[in-house]
Amino acid sequence: MAEEMRIVLRNYGKIDPLNIDEYIAAGGYGALNKARGMSPMDLIGEVKASNLRGRGGAGFNCGMKWNFACQAPADQKYVICNADEGEPGTYKDRLIMEGDPQSLLEGMAICAYAIGATQGYIYCRGEYPSVVKTLNAAIAQAKEKGVLGDFSIEVRMGAGAYVCGEETALIESIEGKRGEPRIKPPFPPVIGLWYKPTIVNNVETFANIPAIVEKGAAWYAGIGTPTYPGTKIVTLTGDVVNKTFFEVTTDTTIQEVIFGFGGGISGGKAFKAVQIGGTSGAFIPAAHLDTPIGFDAMSSIGASLGSGAVFVLDESRDIVDVTARIARFFAHESCGKCAPCREGTMRMHDLMDKINAGQGQTADIALLNKLGRVMSYSCLCGLGQAAPAPVLTAIEHFSADYDAKLA
Ligand SMILES: Cc1cc2nc3c(=O)[nH]c(=O)nc-3n(C[C@H](O)[C@H](O)[C@H](O)COP(=O)(O)O)c2cc1C
């Protein structure tokens, strides 16, 4: 793992996560002190100039988002950490929260100072009870040490819904309502939790902040690809020799991820496809393996970086079967609030099951393509908009597999 560059995971495995003194001895909370010596506008300018973009999937400039919340007049503002991590194959946020929870708290506290918030929440998936214990212990220690000042942080647990990772559904869930997305705009930095300005950032995004404040925007902006600088934690699963995680600069190619860090395809088989960014990610064929894992580079090949999960399929895998299972996942996880997603994910699931069972017609492929396009334009939130991507890209790049299954 010599080629790794650890910024977010800088303390992972090196300090006791349940001992705040070890975090402080490693330089922890130095960035928060430095930030408090700056004006909020200077601090936001620094984060903006670093070009840190959200690591939760949408890739929005973090400093720009903070600026919206900073400028919005309100008697109360909130900082929320999105630790829902519902994307199958992704466990990067868990690594940070288990291995170095104080770095997350410090990143959130810097954000709170920048926008003028006194209350924060960490929305953690319900499947991570041990992480919740670690977070609560870390918060208690930070409180006892007084490092967070007047900023309070509480943990809220999700209940297993994938859609609750979407920031407005997450906000509704914290408010005690059913987890369904809101219509955007208005966006949370202006109208968020309890209709107050709210920053929602991913765990990995917040954990980058102390290093950026400490070492400066220019240092960070110079790492990896210029349009999406820094590092990305990759979680590698599927048919690879090393099913593992690593943090690499964003100019690292898919080829290096799978054949370098991953040690290549397991069982001496050949590569078939890779799905990047989680369940809603595109299926990528061998022709694009030299693409870097940066946000824009992935978009340029019709894919998305998403959460940074990398799922590899070898030559023996039935991509139609895999895609049919994914379609079932989305039909199950659609919250049902908007018709294009509620109906679209169901129809997509039906069509994929029919094709997978050997009963599909050529017309069903055309219908899937049309349905997918309509969903990507018309669904209310990213769940329905992105759900067709694996189906459509599998049809595009692996049409022979589909043809072979038609009746
Ligand atoms: C269906 C759906 C699920 C999502 N799940 C997550 C998640 O588990 N974690 C996350 O950080 N962002 C998730 N997002 C993205 C969030 O809506 C939001 O963009 C993100 O939390 C913003 O933080 P960032 O700018 O730091 O990336 C999801 C989006 C959608 C549409």
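Let's start with the shell around the ligand. Strand β4 (198-202) gives the most to this shell, with three residues. Helices and strands here are DSSP runs, numbered from the N terminus: H or I with at least four residues for a helix, E with at least two for a strand. Helix α16 (382-386) joins β4 on the list of elements that each supply at least two shell residues.

A word on the model. It is predicted: local features need pLDDT of at least 70, side-chain atom pairs count only at pLDDT 80 or more, and totals for chains, interfaces and linings use all residues. Residue numbers run from 1 along each chain as its sequence is written.

Back to the ligand. How many residues surround it? The count is 23, and the closest are G54, G56, G165, N202 and G382. A residue is near the ligand if its C-beta atom, placed from the backbone, lies within 6 Å of it. By class, the shell splits into seven nonpolar, 10 polar and six charged residues. For the classes: Ala, Val, Leu, Ile, Met, Phe, Trp, Tyr, Cys and Pro are nonpolar, Asp, Glu, Lys and Arg are charged, and the others, Gly among them, are polar.

Now the domains. The protein chain is divided into domain 1 (20-221), domain 2 (225-314) and domain 3 (319-405). Those bounds come from an automatic or database domain assignment. Which domains each give at least three residues to the ligand shell? Domain 1 and domain 3 do.

Next, domain 1 against domain 2. Their C-alpha centres lie 26 Å apart. The contact takes 16 residues from domain 1 and 15 residues from domain 2. Contact means C-beta atoms, placed from the backbone, within 7 Å. On the domain 1 side, α5 (92-99), α9 (203-215) and α10 (217-221) are the elements that give two or more residues. That side divides into six nonpolar, six polar and four charged residues.

On to domain 3 and helix α14. This helix covers residues 339-356, 18 residues in total. From first C-alpha to last it reaches 25 Å, close to the 26 Å expected at 1.5 Å a residue. The expected span is 1.5 Å times one less than the number of residues. Its buried residues are C341, G344, T345, M348, H349, M352 and I355. Seen down the helix axis, these buried residues fall within an arc of 135°, so they line one face of α14. The arc is taken over the directions from the helix axis to the C-beta atoms. As for burial: 20 or more other C-beta atoms within 10 Å of a residue's own is buried, 12 or fewer is exposed, and in between is partly exposed, with C-beta atoms placed from the backbone.

What covers that face? The cover over the buried residues of α14 includes α13 (319-333), α15 (362-378), α16, α17 and α18 (399-405). After α14 comes G358, with a positive phi near 80°.

Take α17, residues 388-397. Eight of its 10 residues are buried, so α17 is largely enclosed by the rest of the structure. Among them are P388, P390, V391 and L392.

Back in domain 1, look at α4 (residues 62-71). Seven of its 10 residues are buried. They are C62, G63, K65, W66, N67, A69 and C70. They pack against α3, α6 (101-115), β4 and α9. So α9 turns up again, as does β4.

Helix α3 (residues 40-50) holds E46. Is E46 buried or exposed? Buried, with 21 other C-beta atoms within 10 Å. Leaving aside residues up to four places away in sequence, E46 touches V213 and A217.

Last, the backbone oddities. The loop between α8 (167-174) and β4 contains P185 and P186. A cis peptide bond joins K184 and P185, with omega about -5°. The bond from P185 to P186 is cis too, with omega near 5°. Y195 is in the loop between α8 and β4 as well. Its phi is positive, about 65°, although Y195 is not a glycine. With 13 C-beta neighbours inside 10 Å, Y195 counts as partly exposed.

One more positive phi. E85 has a phi near 35°. E85 sits in the loop between β1 (78-83) and α5. E85 is buried, with 24 other C-beta atoms within 10 Å.

Notes: Contact = placed C-beta atoms within 7 Å.
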